[in-house]
Amino acid sequence: MLTSILQTIIILLFGLFLLLAVARIYFRSKNVNRTEFTQIFKTAEYLNVWIIMLCFITTLLYGCFNHFTLKNSVHAIISLNYSEASQALNSNGTRYNMAEIISDEVVERAIKKGALKDVTVQELRNCLVVYPCVQGGVGDETQYHISTEFAVEYHASKETNHLDSENVIKLITAAYKEYYIEKYTDNFTLDHEKPDFASMEYMDIVAYFDKETMSILNYLYGMAEKNPSFVMENNSTFNSIAGKVYQFKETQINQNLRSLILQNGIVRDKNDYVDRLSYQNKNVDFDRQKNQASYNLCNQAIDMYSEEMTRVVLVPTWDQSGKYYMGRTKVGVDELSVLATNFSNYVASNEKEIMDNNLVIDKISSCAPSEQLYASVDSLIESIYEGIRGFEKEAINAGREYSSHKMNQCIAVSIYGVSLMSELKTLIFFAAFAYVSLMLRRISKQFPKKA
């Protein structure tokens, strides 16, 4: 802050010298003719040692102040390289908002990532500015433009002067990437609230575990379809994790837990659960009867068609080039056959569900499990629950690692400080400015005052 003030004072001082010199030359030039005016400039001592030394010293001093001032400022360019960016959208289709780059959540995350000391979120955010690199207008359609590149500038203040500027901008951009991945890219979470297994029927717990593992599998299969060759840092893939989850589902849930419950007829409330399964069977049987009736109707309708109509039916039509030909078309039998097949599958599914329920009812009614068996099942349930949560975390970490890899390609960050060449150009410009100011001040004194 102090260096910036001193730098400004030096510039203003030489600017004042220049203005006074120009003003003195202007007013005193009226006291000389054109020849004398030219002669004064021709005979001026342009290589004056004192002026050159003073320019050198002030330029060196200005350069030091300029270096410390520029060191406290740095900027980065964030480029969005995914297809939705050109429509001002995030990768998930929601509206893009550049203000999120320096939002409180991102700044707070950056402070935690870098363990920045003695600075608050508000103090650091006040030092940040974000704007589109190319801005369009609204005058007419030719001025419309959606920027996919955004500049983030950091200018240190007295509260943040102790921080490394380049490190701050790196932390901000890295924190924004993490924030973007978590909020707008593929994410997967199960219900984090643990169910009260003590109030659930054991077969309902099995159904719950089936649902949870299928959710994980569907997510992993979907990610594997997007990029089947992606390999994580631990050398696993989406398909390999899905294979472990599927094996866990088949062995631990279906073979161990389900079999243990069925073979020993383990139930919390026998009468209540038997009544529930019996009621389900009645509803399913009603659906079975409807599907069976629909299946029979389809077959009856098919029988009503004559044999000649079920053969190939050709109708005149034309192709894309406009030439006519005889094309095969579908008849009602085709549609009815598909419907009959579907209804037949529905009937088979209904009958299987009724048989499964009857099997559970028979096992529950004929078995009297011991307290030790109940304890074993409860222990197995807790073990399976923890296993599912472990697979969930592994799936989430895999998805985030893939999203991070993808976003490294879709969100590019370029950080720019001030180059040495840029500082040298500034010093040369200032040295020339200082020399001209001092030289004109010396020359202006050679013009005579009004006689």
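## A salt-bridge network

Glu105, Arg109, Lys113 and Glu178 are joined by a network of salt bridges. The model that shows this network is predicted. Within the network, Glu105 pairs with Arg109. Their N-to-O distance is 3.9 Å. Both residues sit in helix α4, 4 residues apart, so about one helical turn separates them.

The two partners differ in cover. Glu105 is partly exposed, with a relative accessible area of 44%. Arg109 is buried, at 17%. Buried here means under 20%, so Arg109 falls below the cut-off.

## The chain as a whole

How many helices and strands does the chain have? The secondary structure comes to 12 helices and 6 strands. The chain has 451 residues, and 35% of them count as buried. Its accessible surface is about 27,200 Å². Carbon and sulfur atoms account for 56% of that surface.

Contacts reach far along the sequence. Take those between residues at least 6 apart in sequence. Of these contacts, 80% join residues at least 24 apart.

## More salt bridges

The structure holds 20 salt bridges. Side chains of opposite charge can pair when their charged atoms come close. Glu45 and Arg442 make one such bridge, with their closest N and O atoms 3.6 Å apart. Which parts of the chain does this pair tie together? Glu45 lies in the loop between α2 (34–42) and α3 (49–71), while Arg442 lies in helix α12, so the pair ties together parts that are 397 residues apart in sequence. Glu45 is partly exposed, with 43% relative accessible area. Arg442 is partly exposed too, at 35%.

Arg288 and Asp285 form another bridge, at 3.0 Å from N to O. This pair belongs to helix α9 (residues 270–304). The two residues are 3 apart in sequence, so about one helical turn lies between them. Asp285 is partly exposed, with a relative accessible area of 24%.

## Inside helix α8

Is Ile253 buried or exposed? Ile253 is buried, with a relative accessible area of 0%. This residue is found in helix α8. Leaving out residues up to four places away in sequence, Ile253 touches Val206, Phe209, Asp210, Thr213, Phe248, Arg258, Ile384 and Ile388. Thr213, one of these, is 40 residues from Ile253 in sequence. The C-alpha atoms of Ile253 and Thr213 are 9.6 Å apart.

Asn254 is also found in helix α8. Asn254 counts as buried, at 16% relative accessibility. Its contacts, again without residues up to four places away in sequence, are Asp210, Lys249 and Ser259. Asp210 therefore appears in the contacts of Ile253 and of Asn254, heavy atoms within 4.5 Å being what counts as a contact.

## Two loops with positive phi

Ala88 is not a glycine, yet its phi is positive, at about 60°. Ala88 is placed in the loop between β1 (73–80) and α4 (104–114). With 19% relative accessibility, Ala88 counts as buried. The cut-off for buried is under 20%, so Ala88 falls on the buried side.

Asn235 also has a positive phi without being a glycine, here about 70°. Its place is the loop between α7 (202–226) and α8 (238–264). Is Asn235 buried or exposed? Asn235 counts as exposed, at 65% relative accessibility.

## Patches on the surface

Which residues form the positive surface patch? Arg24, Arg441, Lys445 and Lys449 form it. Lys445 lies in the segment after α12 (420–444).

A nonpolar patch is made of Ile5, Leu6 and Ile9. Together these three residues have about 240 Å² of accessible area. Ile9 is placed in helix α1 (residues 2–28). Ile9 is partly exposed, with a relative accessible area of 47%.

Terms used: Residues numbered from 1 in each chain as written. Heavy atoms only, no water. Buried < 20%, exposed > 50% of the residue type's maximum accessible area, 1.4 Å probe, protein only. Areas by Shrake-Rupley, 256 points an atom, 1.4 Å probe, with all protein chains shown as cover. Patch = residues over 30% accessible without salt bridge, like charges linked within 9 Å, V, L, I, M, F, W, Y side chains within 5 Å. Salt bridge = Lys/Arg side-chain N within 4 Å of Asp/Glu carboxyl O. Lys, Arg positive; Asp, Glu negative; His and termini not counted. Charge placed at Lys NZ, Arg CZ, Asp CG, Glu CD.
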